[in-house]
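Open the structure in your viewer and keep the selection tool at hand. The stops below say what to select and what is there.

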Amino acid sequence: QVQLVESGGGLVQAGGSLRLSCAASGRTISSYAMGWFRQAPGKEREFVAAIRGSGTGTIHADSVKGRFTISRDNAKNTLYLQMNSLKPEDTAVYYCAAFPQRSVLVDVTSPRNYDYWGQGTQVTVSL
């Protein structure tokens with residue numbers, strides 16, 4: 001089992017920055033694909049960014065490309081999401097997720113492929 005705990009959310013003004021962290025425990029996650037998803041009130045959970053197992057290759061949603069950056073520190077068993085130039089439409093609960101990626105063919109943007117989820121951290125961006 002893998003436990004994931006997010007932190008770093010909060011209230012920030014538009015144009016500001018936040019860095020989310022996701023600490024993993026239970027297993028070493030270096031070979032796990034990991035991702036960030038978000039869910040705003042009344043909306044479905046949407047993909048934000050993912051990093052493939054062994055840290056090779058990242059993908060970001062078009063809505064955050066150029067503003068958000070996903071990274072991981074395998075030595076610390078931690079996933080990060082650096083969020084810059086935040087907009088009010090980025091307001092949501094942000095979740096980190098993980099699954100053991102046994103094939104590069106698995107779609108890392110689909111939440112259905114993730115086995116483990118954190119409890120979420122609220123990000124609120126004000127005007």
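**The core**

In this predicted model, begin with the largest nonpolar core, which has 38 residues; select Leu4, Met34, Trp36, Leu81, Met83 and Tyr94, the members that touch the most others. Next colour strands 3 (18-25), 4 (32-39), 5 (46-51), 7 (68-73), 8 (78-83), 9 and 11, the elements that each give two or more residues to this core. Strand 9 supplies the largest share, 6 residues.

Now select Leu4 alone. Leaving out residues up to four places away in sequence, Leu4 touches, among others, Cys22, Met34, Cys96, Tyr116 and Trp117.

**Glu6**

Move to Glu6, in strand 1 (residues 3-7). What is the nearest side chain of opposite charge to Glu6? Arg45 is, at 7.7 Å, and the buried Glu6 has no salt bridge. Show the backbone nitrogens instead: the Glu6 side chain reaches that of Cys96 at 2.9 Å and that of Gly120 at 2.9 Å. Beyond four places in sequence, the contacts of Glu6 also include Trp36, Tyr94 and Thr121.

**Strand 11**

Select strand 11, residues 121-126. Which of its side chains are buried? Thr121, Val123 and Val125 are, pointing to one face, while Gln122, Thr124 and Ser126 point to the other and are not buried.

Then add the partners of strand 11. Strand 2 (residues 10-13) runs parallel to strand 11 and is joined to it by 4 bridges; look for Val12 opposite Val125. Strand 9 (residues 92-100) runs antiparallel to strand 11, with 3 bridges between them, and here Val93 stands opposite Gln122.

Terms used:
Residues numbered from 1 in each chain as written. Predicted model: local features only at pLDDT ≥ 70, side-chain atom pairs only at ≥ 80, totals over all residues. Heavy atoms only, no water. Buried < 20%, exposed > 50% of the residue type's maximum accessible area, 1.4 Å probe, protein only. Pairing = 2+ DSSP bridges. Core = buried A, V, L, I, M, F, W, Y, C linked by side-chain atoms within 4.5 Å. Contact = heavy atoms within 4.5 Å. Lys, Arg positive; Asp, Glu negative; His and termini not counted. Salt bridge = Lys/Arg side-chain N within 4 Å of Asp/Glu carboxyl O. Polar contact = N/O pair within 3.5 Å; in protein donor to acceptor, adjacent residues only side chain to side chain.
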